[in-house]
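Good morning, everyone, and thank you for making time for this. I would like to walk slowly through one protein model, starting from a single small detail and widening the view from there.

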Amino acid sequence: MTAICRCLVIHPVFNITEIYKGGAAEAAGMLVDDIIVAFDGNEIKNYEDLEDIMQYYAANEVITVTVQRRNMQTRQFEKVELEVKLCERFE
């Protein structure tokens, strides 16, 4: 968390910028601009956090990914938990 002043705090985020058709994220219901905040209960602050934790999981495991998603009607962020079946990783 980065404090800018007493009235504004910016949190580092890891948001989804692209969803691959037919991939695990699409199947789980992730959307572009979702912000990943937890992977199987582990806090995610950036891509490196996600890479570090993913090494302990194998393809076909089902885990919970928690995202923050903007509700377009209320303009507020809501926490959404998605069940994701992990696929083979590629470089």
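Let me begin with one contact, in which a polar atom of the side chain of N71 lies 2.8 Å from the backbone nitrogen of Q73. Please keep in mind throughout that this is a predicted model, and that what I say describes that model. N71 is found in the loop between β5 and β6, and leaving aside its neighbours within four places in sequence, N71 is in contact with Q76 and E78. Is N71 buried or exposed? Its relative accessibility is 18%, and because buried means under 20%, N71 counts as buried.

The loop that holds N71 brings us to the two strands on either side of it. β5 and β6 run antiparallel and are joined by nine bridges, and one of the pairings places T66 with E81 as its bridge partner in β6. The hairpin that these two strands make has six residues between the strands, and in this hairpin R75 takes a positive phi near 65°.

Now let us step back and look at the protein as a whole. There are two helices and six strands, and if you follow the chain from the N terminus on, the elements run β-β-α-β-β-α-β-β. Which of the strands form the open sheet, and in what order? Four strands do so, in the order β4-β3-β5-β6, and the pairing is antiparallel. At the edges of this sheet are β4, covering 42–43, and β6, each of which pairs on one side only. Further in, four bridges join β3 to β5, and these two strands also run antiparallel, with I36 standing opposite V67 in β5. For those of you who are new to this, strands of a sheet pair through backbone hydrogen bonds, and they can do so either parallel or antiparallel.

Let me turn next to the nonpolar core. As background, nonpolar side chains in soluble globular proteins tend to be buried together. In this model the largest nonpolar core has 19 residues, and those with the most contacts inside it are F39, V65 and V84. The elements that give two or more residues to this core are α1 (24–28), β3 (35–39), α2 (47–54), β5 (62–70) and β6 (77–85). To see what one of these residues meets, take V65, which touches M30, I36, A38, F39, V80, E81, L82 and V84, not counting residues up to four places away in sequence.

F39 deserves a second look, since its ring appears again when we count aromatic pairs. The count comes to one aromatic pair, and it is formed by F39 and Y57, which meet edge-to-face at 5.2 Å centre to centre with 80° between the planes. This pair links distant parts of the chain, with F39 in strand β3 and Y57 in the loop between α2 and β5, 18 residues apart. Both F39 and Y57 are buried.

Y57 and F39 also lead us to L86, in the segment after β6. L86 touches F39, Y57, A58, A59, N60, E61 and I63, not counting residues up to four places away in sequence. Although L86 and Y57 are 29 residues apart along the chain, their C-alpha atoms are separated by 8.2 Å. L86 has 10% relative accessibility and therefore counts as buried.

My last topic is charge. Side chains of opposite charge can pair when their charged atoms come close. How many salt bridges does the structure hold? There are two. In one of them, R69 pairs with D34, with the closest N and O atoms 2.7 Å apart. That pair links distant parts of the chain, R69 being in strand β5 and D34 in the loop between α1 and β3, 35 residues apart. D34, at 1% relative accessibility, counts as buried. The other salt bridge joins K21 with E26, whose closest N and O atoms are 4.0 Å apart; here K21 counts as exposed at 77% relative accessibility, while E26, at 35%, counts as partly exposed.

To finish with the whole chain once more, buried residues make up 27% of the 91 residues, and among the contacts with a separation of 6 or more, 41% are between residues 24 or more positions apart. Thank you for listening.

How values were computed. Residues numbered from 1 in each chain as written. Predicted model: local features only at pLDDT ≥ 70, side-chain atom pairs only at ≥ 80, totals over all residues. Heavy atoms only, no water. Core = buried A, V, L, I, M, F, W, Y, C linked by side-chain atoms within 4.5 Å. Buried < 20%, exposed > 50% of the residue type's maximum accessible area, 1.4 Å probe, protein only. Contact = heavy atoms within 4.5 Å. Pairing = 2+ DSSP bridges. Polar contact = N/O pair within 3.5 Å; in protein donor to acceptor, adjacent residues only side chain to side chain. Phe/Tyr/Trp six-rings, centres within 6.5 Å; stacked < 30°, edge-to-face > 60°. Salt bridge = Lys/Arg side-chain N within 4 Å of Asp/Glu carboxyl O.
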